[in-house]
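User: I would like to go through the labels used for this structure and see what each one rests on. Show me the structure before we begin.

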Amino acid sequence: MPILVTGGAGYIGSHTCVSLLKKGFEIIVLDNLCNSKENAVKCISRITGKDVPFYPYDLRDKESVRSVFEKEAIEAVIHLAGYKAVGESVREPLKYYENNILGTLNLLECMREYGVRNMIFSSSATVYTGALDKASAKALTEESPLAVTNPYGRTKLMIEEILRDLHQSDPVWNIISLRYFNPIGAHESSLIGDDPNGIPNNLMPYIVQVASGKLEKLNIFGNDYNTKDGTGVRDYIHIMDLADGHVAAMKKLNDCGGGFTAYNLGTGQGYSVLDIVNTFSRVNGVEIPYVIAPRREGDVDTCFADPFKAEQELNWKAMRNLADMCRDSWYFQQSIS
Ligand code: NAD
Ligand code: WQD
């Protein structure tokens, strides 16, 4: 029976669909294409040689979501659809609450109506960042304090709480929340990857556009953080490792009978902005001109995962290194330039 992947045409969704299909799962994609293109769905088929039923529907339109559950015998849902730009969420909080929260509520109501109780939710390391202690740089476990600093992050935390309540109300609900750290890179085919609209917010999409000459130089947001070289440290994870994490979580979901559990998907390794710039230049032979700019509001010194729980309970571990991430990001950018 198929898995419904909401947001399956997006960056993480398209790679996750490839991993699932390669491991023999059947999938259906629902995506309103507000931040992706239908071509990504075609590329998933091209890479895997499998058909991908696609519904270009909006989660906020409950009747159209219901029609998918009516038509398809869905067994589980991987819910990635949502908005994700931190800065935009500060400027337009209602847009974020409407899309992320309302979309999720509609989806959950349809799942309940059609007896589908298995879900994997796309959460984020952002659920920890509001509680980070500036004086220390410890790996974040799933037990670390949760606090957020912006409406986008609040939607992630709220949805986790909704899911926890749901499981409490009916223990048959079987839910895994995956807290992603910083996914970068692309599938080795370069057919799918991260291709944001407008000027990128995130580091790697910005770097590749500097490398290709589309942008003039990278602004490094602060070099006076309490880190080894003063620039921010994050846990970058290859997108295909992250995608494989969903396969591992889906297997776990199939093995257990109800629960709400959160897992970090990260490597456990922190790299600074300068590490990324230098590795990218070395691996790809391209210079990245940069200037030091003021700190970006809301940024923290250091944020990296303790991935032990996912290793132990999901039998999953990130395998690809930073050089792989830099190389695959650049190959993808060249393929679309
Ligand atoms: P993305 O924008 O590439 O993918 C999200 C997809 O959801 C897009 O294809 C978009 O068209 C679709 N979508 C949005 N609202 C929708 C709606 N109402 N109905 C139907 N489809 C809708 O983003 P991504 O990087 O692939 O992120 C996927 C999920 O993972 C998001 O929920 C995001 O918050 C979360 N996440 C992302 C990161 C990251 O760094 N990329 C980190 C942590 C968590
Ligand atoms: C990484 C580092 C920046 C851009 C964000 C979201 C988080 C999650 C992942 C969804 C930081 C520095 C960046 C630039 C720079 N997404 N930087 N110049 O902020 O760790 O996390 O994406 O859930 O919620 O907040 O990722 O890639 O934006 O930044 O110097 O042009 O690169 O200051 O140290 P971040 P990022």
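Analyst: In this predicted model, an oxygen atom of ligand 2 is 3.0 Å from an N or O atom in the side chain of N202.

User: What makes the pair formed by ligand 2 and the side chain of N202 a polar contact?

Analyst: A polar contact requires a pair of N or O atoms within 3.5 Å. The pair at N202 is an oxygen of the ligand and a side-chain N or O atom, 3.0 Å apart, so it qualifies under the 3.5 Å limit.

User: Which atoms of N219 and D299 face ligand 2 in such pairs?

Analyst: At N219 a polar backbone atom is 2.8 Å from a nitrogen atom of ligand 2. At D299 a polar side-chain atom lies 2.6 Å from an oxygen atom of the ligand. Taken alone, ligand 2 exposes 690 Å², and the protein buries 87% of that.

User: Which elements give two or more residues to the shell around ligand 2?

Analyst: They are helix 8 (203-211) and strand 8 (218-221). Strand 8 has the largest share, four residues.

User: How many residues surround ligand 2, and which come nearest?

Analyst: There are 19, and S124, Y152, N219, R234 and D299 come nearest. By class, the shell has nine nonpolar, seven polar and three charged residues.

User: Turn to ligand 1. How do you know that the side chains of N35, K84 and K156 make polar contacts with ligand 1?

Analyst: Each distance is set against the 3.5 Å limit for a pair of N or O atoms. An oxygen atom of ligand 1 is 2.7 Å from a side-chain N or O atom of N35. For K84 the distance from a ligand oxygen to a side-chain N or O atom is 2.8 Å, and for K156 the value is 2.8 Å. The three pairs therefore count as polar contacts. Taken alone, ligand 1 exposes 820 Å², of which the protein buries 95%.

User: What is the make-up of the shell around ligand 1 by class?

Analyst: The shell has 14 nonpolar, 10 polar and five charged residues. Of the 29 residues around ligand 1, D31, N35, S36, N99 and Y152 come nearest. Helix 1 (11-22), strand 5 (118-124) and helix 7 (151-169) each supply at least two residues of this shell. The largest share, three residues, comes from strand 5.

User: Now the helices. Why are helix 10 and helix 12 called roughly perpendicular?

Analyst: Helix 10 (residues 273-284) and helix 12 (residues 322-336) pack at an angle of about 70 degrees, with axes 9 Å apart. Angles from 65 to 115 degrees count as roughly perpendicular, so the label applies to helix 10 and helix 12. Helix 10 passes helix 12 in a right-handed crossing.

User: What makes helix 1 roughly parallel to helix 2?

Analyst: The axes of helix 1 and helix 2 (residues 38-48) come within 10 Å and cross at roughly 30 degrees. The limit for roughly parallel is an angle under 35 degrees, and helix 1 is therefore roughly parallel to helix 2.

User: Which hand does the crossing of helix 1 and helix 2 have?

Analyst: Helix 1 passes helix 2 in a right-handed crossing.

Notes: Residues are numbered from 1 along each chain as its sequence is written. Chains are lettered from A and ligands numbered from 1 in the order in which they are written. This is a predicted model: local features need pLDDT of at least 70, side-chain atom pairs count only at pLDDT 80 or more; totals for chains, interfaces and linings use all residues. Side-chain values use heavy atoms; hydrogens and water are left out. A residue is near a molecule or strand if one of its heavy atoms lies within 4 Å of it. A polar contact is a pair of N or O atoms within 3.5 Å; within protein, one must be able to donate a hydrogen and the other to accept it, and residues adjacent in sequence count only if both atoms are side-chain atoms. Accessible areas come from the Shrake-Rupley method with a 1.4 Å probe; for residues, only the protein chains shown count as cover. Ala, Val, Leu, Ile, Met, Phe, Trp, Tyr, Cys and Pro count as nonpolar, Asp, Glu, Lys and Arg as charged, and the others, Gly among them, as polar. Axes are lines fitted to C-alpha atoms, for helices over the stretch in contact, and angles run from 0 to 180 degrees between N-to-C directions. Angles under 35 degrees count as roughly parallel, over 145 as roughly antiparallel, 65 to 115 as roughly perpendicular and the rest as oblique. A crossing is left-handed if the near helix is turned anticlockwise from the far one by less than a right angle, and right-handed if clockwise.
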